[in-house]
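Let's take a walk through this model, starting with its two ligands and ending with some of its aromatic side chains.

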Amino acid sequence: MAEPSAGVRVKLWDGPVRIVHWLLVALIGFSWWASDDHLQWHQWSGYGVVGLVLFRIYWGFAGGGAARFASFVRGPITTLRYLTTLGGRAPSLTPGHNPLGAISILAILVNVLVLVGTGLFAVDVDAFEGGPLSDRVSFELGRKLADIHETSFTVLQALIVLHVVAVLFYLVWKRTNLIGPMITGRRTLPSDPGLKPASWVLFLIGAVLAAAAAWYISKGLRL
Ligand code: HEM
Ligand code: HEM
């Protein structure tokens with residue numbers, strides 16, 4: 001196995017990162033399933049996605065070491081240099097997202113924002129069902145945003161396929177299991193990268209703010 005056999009067991013992903021990840025997977029899947037005949041459930045699950053994605057953006061500034069955007073968003077030179085190592089079979093030992101993974105993750109997060117953002121204003125063909133902000137725009141604009149909503153979901157599906165293929169590529173080609181750490185939070189690395197642990201107080205503040213924002217949005221920004 002290419003994972004370092006001798007090394008330090010490091011806490012890589014804090015609880016909030018892992019919970020947000022697997023809840024996003026579950027709720028996006030559920031919203032998709034419910035988009036045909038259960039539009040009310042579709043929207044409720046969508047508000048869950050709104051809360052999760054808002055929390056993840058906050059956590060990118062307030063979370064533990066590897067969760068912070070500053071720790072994994074890299075410039076073009078570093079990303080290009082990383083690209084040249086991709087064909088090699090040496091295991092990937094980045095203590096967090098590698099520079100390429102970072103791009104895919106940012107693309108997924110931005111896409112989910114567009115998806116839920118347009119869903120809030122979307123209205124169906126007979127104006128019978130609509131997002132909680134659909135009364136703030138004209139019917140024509142609501143329909144256009146419904147189209148963008150559907151298109152952005154198609155783009156998201158492609159990004160998710162790419163994401164899973166990349167994770168499997170690391171597993172098979174680079175013999176690096178990235179899935180285990182996204183479940184347990186822990187990974188063996190050659191040395192301790194000294195990641196800063198997450199703060200419970202900052203977690204609670206972010207969770208309450210994100211839940212409150214999602215609730216307020218679900219009410220059409222009315223109290
Ligand atoms: C709806 C489907 C999915 C979405 C929207 C999604 C989204 C994301 C996001 C946003 C991250 C970044 C985590 C963070 O820093 O907060 C991530 C990482 C990750 N995801 Fe997913 N994911 C999906 C499905 C999956 C599936 C099915 C798997 C398992 C095969 C998976 C495995 C991983 C792994 C291993 C990482 C960490 C990658 C690394 O070490 O850099 N994801 N995903
Ligand atoms: C992860 C989140 C979401 C996913 C994956 C998603 C996906 C989809 C898909 C695939 C459709 C097309 C259904 C069809 O015509 O067969 C749809 C329609 C719709 N979605 Fe979402 N959506 C999400 C979140 C939201 C949110 C947050 C809202 C607003 C509260 C929303 C409101 C709507 C509305 C009103 C429609 C009907 C538009 C029409 O009939 O053309 N969606 N969504």
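A quick word on naming before the tour: helices here are DSSP runs of H or I with at least four residues, numbered from the N terminus. Also keep in mind that this is a predicted model.

**Around ligand 1**

With that naming in hand, which helix gives the largest share of the shell around ligand 1? That's α1, with five residues. Helix α1 has company, though: α1 (15-34), α5 (99-121), α6 (139-172) and α7 (179-184) each put at least two residues into the shell around ligand 1. As for the space itself, ligand 1 sits in the largest pocket.

There are 17 residues around ligand 1, and the ones that come nearest are H21, R56, H97, H163 and L178. By residue class, the shell around ligand 1 splits into 13 nonpolar, three polar and one charged. Some of those nearest residues also reach ligand 1 through polar side-chain atoms. An N or O atom in the side chain of R56 is 2.4 Å from an oxygen atom of ligand 1. For H97, the side-chain N or O atom is 2.7 Å from an oxygen atom of ligand 1. With H163 the ligand's partner is a nitrogen atom, 2.8 Å from an N or O atom in the side chain.

**Around ligand 2**

Ligand 2 takes up the second largest pocket. Here 23 residues surround the ligand, and H42, G119, D124, R143 and H149 come nearest. Helices α1, α2, α5 and α6 each supply at least two residues of the shell around ligand 2, and α2 makes the largest contribution, six residues. The shell around ligand 2 divides into 10 nonpolar, nine polar and four charged residues.

Polar side-chain atoms of H42, R143 and H149 come up against ligand 2 as well. Here are the contacts of both ligands, laid out together:

| Ligand | Ligand atom | Side chain | Distance |
|---|---|---|---|
| Ligand 1 | oxygen | R56 | 2.4 Å |
| Ligand 1 | oxygen | H97 | 2.7 Å |
| Ligand 1 | nitrogen | H163 | 2.8 Å |
| Ligand 2 | nitrogen | H42 | 2.8 Å |
| Ligand 2 | oxygen | R143 | 2.9 Å |
| Ligand 2 | nitrogen | H149 | 2.7 Å |

**Aromatic pairs**

Now for the rings. How many aromatic pairs does a search of the whole structure find? The search turns up 14. Take F30 and W33: their ring centres are 5.5 Å apart and their planes meet at 45°, so the pair counts as tilted. Both residues belong to helix α1, where they are three residues apart, about one turn of the helix. F30 has a relative accessible area of 32%, so this residue is partly exposed.

The rings of F55 and Y58 tell a similar kind of story: with centres 6.0 Å apart and planes at 45°, this pair is tilted too. F55 and Y58 are both in helix α2 (residues 39-62), three residues apart, about one turn of the helix.

Is F55 buried or exposed? F55 is buried, because its relative accessible area is 5% and buried means under 20%. Y58, on the other hand, has a relative accessible area of 23% and is partly exposed. Finally, F55 and Y58 are part of a wider group: ring pairs link F55, Y58, W59, W200 and F203 into a cluster.

Definitions and conventions: Residues are numbered from 1 along each chain as its sequence is written. Chains are lettered from A and ligands numbered from 1 in the order in which they are written. This is a predicted model: local features need pLDDT of at least 70, side-chain atom pairs count only at pLDDT 80 or more; totals for chains, interfaces and linings use all residues. Side-chain values use heavy atoms; hydrogens and water are left out. A residue is near a molecule or strand if one of its heavy atoms lies within 4 Å of it. A polar contact is a pair of N or O atoms within 3.5 Å; within protein, one must be able to donate a hydrogen and the other to accept it, and residues adjacent in sequence count only if both atoms are side-chain atoms. On a 1 Å grid over the protein atoms alone, a cavity is a set of points where a 1.4 Å probe fits but cannot get out, and a pocket is an open set with protein on both sides within 12 Å along at least five of seven lines; lining residues have an atom within 4 Å of a point. A molecule sits in a cavity or pocket if more than half of its atoms lie within 2 Å of its grid points. Ala, Val, Leu, Ile, Met, Phe, Trp, Tyr, Cys and Pro count as nonpolar, Asp, Glu, Lys and Arg as charged, and the others, Gly among them, as polar. Rings of Phe, Tyr and Trp (its six-membered ring) pair if their centres lie within 6.5 Å; planes under 30 degrees apart count as stacked, over 60 as edge-to-face and the rest as tilted. Buried means under 20% relative accessible area, exposed over 50%, partly exposed in between (1.4 Å probe, protein chains only).
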